[in-house]
Amino acid sequence: MSDPSAPATPPPGATGALVLSDGTVFWGRGFGAAVTRVGEVCFNTSMSGYQEILTDPSYAGQIITFTFPHIGNVGANPNDLESTTPASLGCVLRADVTDPSNYRSQRHLDDWLKSVDLPGLSGIDTRRLTRRIRDLGAPVGVLCHAPDGRIDVAALQAMAADWPGLEGMDLAKTVSCTQTYAWDETLWEFADDGRSDRFGTLAEPRFHVVAVDYGAKRNILRNLASQGCRVTVVPASSTADEILGHNPDGVFLANGPGDPAATGVYAVPELRRLVDSGKPLFGICLGHQMLALALGAKTEKMHMGHRGANHPVKDLETGKVEITSQNHGFVIAEGSLPDGVTVTHRSLFDGSIEGLKVDGKPVFSVQYHPEASPGPMDSHYLFARFRELMERNA
């Protein structure tokens, strides 16, 4: 049901389609919400954590193709949400949604998708779609779930062709909080009985961190709290005066979606002042790119991006290789970093910049997601590094 040269009329049993801007059609079986969404089509190679992926604010404007087949096998539950309202646009699968078989499951994935108005499409040749993205770049596409099978391919193609693409889009403002709030929830705690597991609560904070919310994931905030940090989360549009007015011990620049250059129009001048303040500064993902822009570097759109939980990154200072979790479609342009800024990490897939630090200042950032939700925990040490900078700066 997923031949890209498929006819414009649905084959028997088709209740959904993915139509790309070049006219390519992937027919399949719709599930989740019966709606139509248009955005950039990407793929994620993670073998677990589909609910965290779907609720990662960094996926705003994107339709996610899962390359791993067993999507749905642990069901859905509120503890695995990275944000209250998903910013992603839907998902594409090879097999039908798997029935849940996990003690933490509270509802079927299909039921959860309906509740948050997200469409899905199964029966797709995800290998072929993934190869198409790999070879030709991330396309614009329209995901349509129509239970009655009535799908107007020409109209969907026109919709895809009209979508402007992620370059130039400031999506951080669409997923950022609108009001300042406090965070003190720590990482998941496993109980001996296996049934009363729960998130912890920070009892005795040692530091105060202001987190600039460009699309922050909850597990990043939990990692900060688990390092003894009382976290104050502020909107992406916050000024340096507003951030420093909270008298933080450190400032964290969160992950997020969209074109960093577009967000940088209002954020970069404030970040320059934060760098000059002398406060310890730690950036992740979009926060890493925003920091680079503030330091004078440039960013650029990637061919297909990095999305998965198996990306090898080399720490150039220690020589160690970390297996990392990643989700980004923009990258720091090679050679654009100014003197006084050192590249600390590089991707072993394509050599792109994955980390930096400012010489002589307590300022550093990484492109990947050290909170590892989902993914390996090789990079959790970065949160401890941030804490140590605050200790030395106290």
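Biologist: Which residue just after α3 takes a positive phi?

Modeller: Gly137, with a phi of about 95 degrees. Keep in mind that this is a predicted model.

Biologist: Which residues of α3 are buried?

Modeller: Thr126, Leu129, Thr130, Arg132 and Ile133. They span an arc of only 155 degrees around the axis, so they sit on the same side of α3.

Biologist: And what is exposed on the other side of α3?

Modeller: Arg127 and Leu136 are exposed there.

Biologist: What do the buried residues of α3 pack against?

Modeller: Strands β1, β2, β3, β4, β5 and β15.

Biologist: Let's do the sheets. What is the strand order in the closed barrel?

Modeller: The barrel has seven strands, in the order β1-β2-β6-β5-β4-β3-β7, and the pairing is mixed. Ignoring direction, neighbouring strands in this sheet are turned against each other by 35 degrees on average.

Biologist: Where does α3 sit on that sheet?

Modeller: Helix α3, residues 126-136, packs on it and touches β1 (16-20), β2, β3 (36-44), β4 (62-66) and β5 (90-92). The direction of α3 makes about 85 degrees with that of β3.

Biologist: How many bridges join β2 to β6, and do the strands run parallel or antiparallel?

Modeller: Four bridges, antiparallel. β2 covers residues 25-32 and β6 covers 119-122. Within that pair, Phe31 of β2 stands opposite Gly120 in β6.

Biologist: Now the open sheet. What order do its strands take?

Modeller: Ten strands, running β8-β12-β11-β13-β14-β19-β18-β17-β15-β16, again with mixed pairing. At the edges are β8 (181-183) and β16 (321-332); each has a single partner strand, so one side of each has no neighbour in the sheet. From one strand to the next the twist averages 25 degrees.

Biologist: How many bridges join β15 to β17?

Modeller: Three, between β15 (residues 299-315) and β17 (residues 341-347), and the two strands run antiparallel. One residue to look at is Val313, whose bridge partner in β17 is Ser347.

Biologist: Which strands does α6 lie across?

Modeller: Helix α6, residues 218-226, lies across β8, β11 (207-213), β12 (229-235), β13 (250-253) and β14 (281-284). Helix α6 runs at about 145 degrees to β12.

Biologist: Changing topic: how much space lies in the largest pocket?

Modeller: About 680 Å³. The pocket is lined by 29 residues, and those closest to its centre are Glu52, Asp80, Arg104, Ala372 and Ser373.

Biologist: Which elements supply at least two residues of that pocket's lining?

Modeller: α1 (50-54), β9 (185-189) and α6. The largest share comes from α1, with three residues.

Biologist: So α6 turns up twice?

Modeller: Yes. Helix α6 lies across strands of the open sheet, β12 among them, and also supplies at least two residues of the pocket lining.

Biologist: How many cavities of 30 Å³ or more are there in the whole structure?

Modeller: Three. The largest cavity holds about 120 Å³ of space. Of the 15 residues lining it, Ser58, Pro257, Gly258, His328 and Gly329 are the closest to its centre.

Biologist: Which element gives the largest share of that cavity's lining?

Modeller: β16, with four residues. Helix α9 (286-295) is the other element named here; β16 and α9 each supply at least two. β16 is also one of the edge strands of the open sheet.

Terms used:
Residues are numbered from 1 along each chain as its sequence is written. This is a predicted model: local features need pLDDT of at least 70, side-chain atom pairs count only at pLDDT 80 or more; totals for chains, interfaces and linings use all residues. Side-chain values use heavy atoms; hydrogens and water are left out. Two strands pair if DSSP finds at least two bridges between them. Axes are lines fitted to C-alpha atoms, for helices over the stretch in contact, and angles run from 0 to 180 degrees between N-to-C directions. Contact means heavy atoms within 4.5 Å. Buried means under 20% relative accessible area, exposed over 50%, partly exposed in between (1.4 Å probe, protein chains only). The arc is that of the directions from the helix axis to the C-beta atoms. On a 1 Å grid over the protein atoms alone, a cavity is a set of points where a 1.4 Å probe fits but cannot get out, and a pocket is an open set with protein on both sides within 12 Å along at least five of seven lines; lining residues have an atom within 4 Å of a point. Grid points are joined across faces, edges and corners, and a volume is the space filled by probe spheres set on the points.
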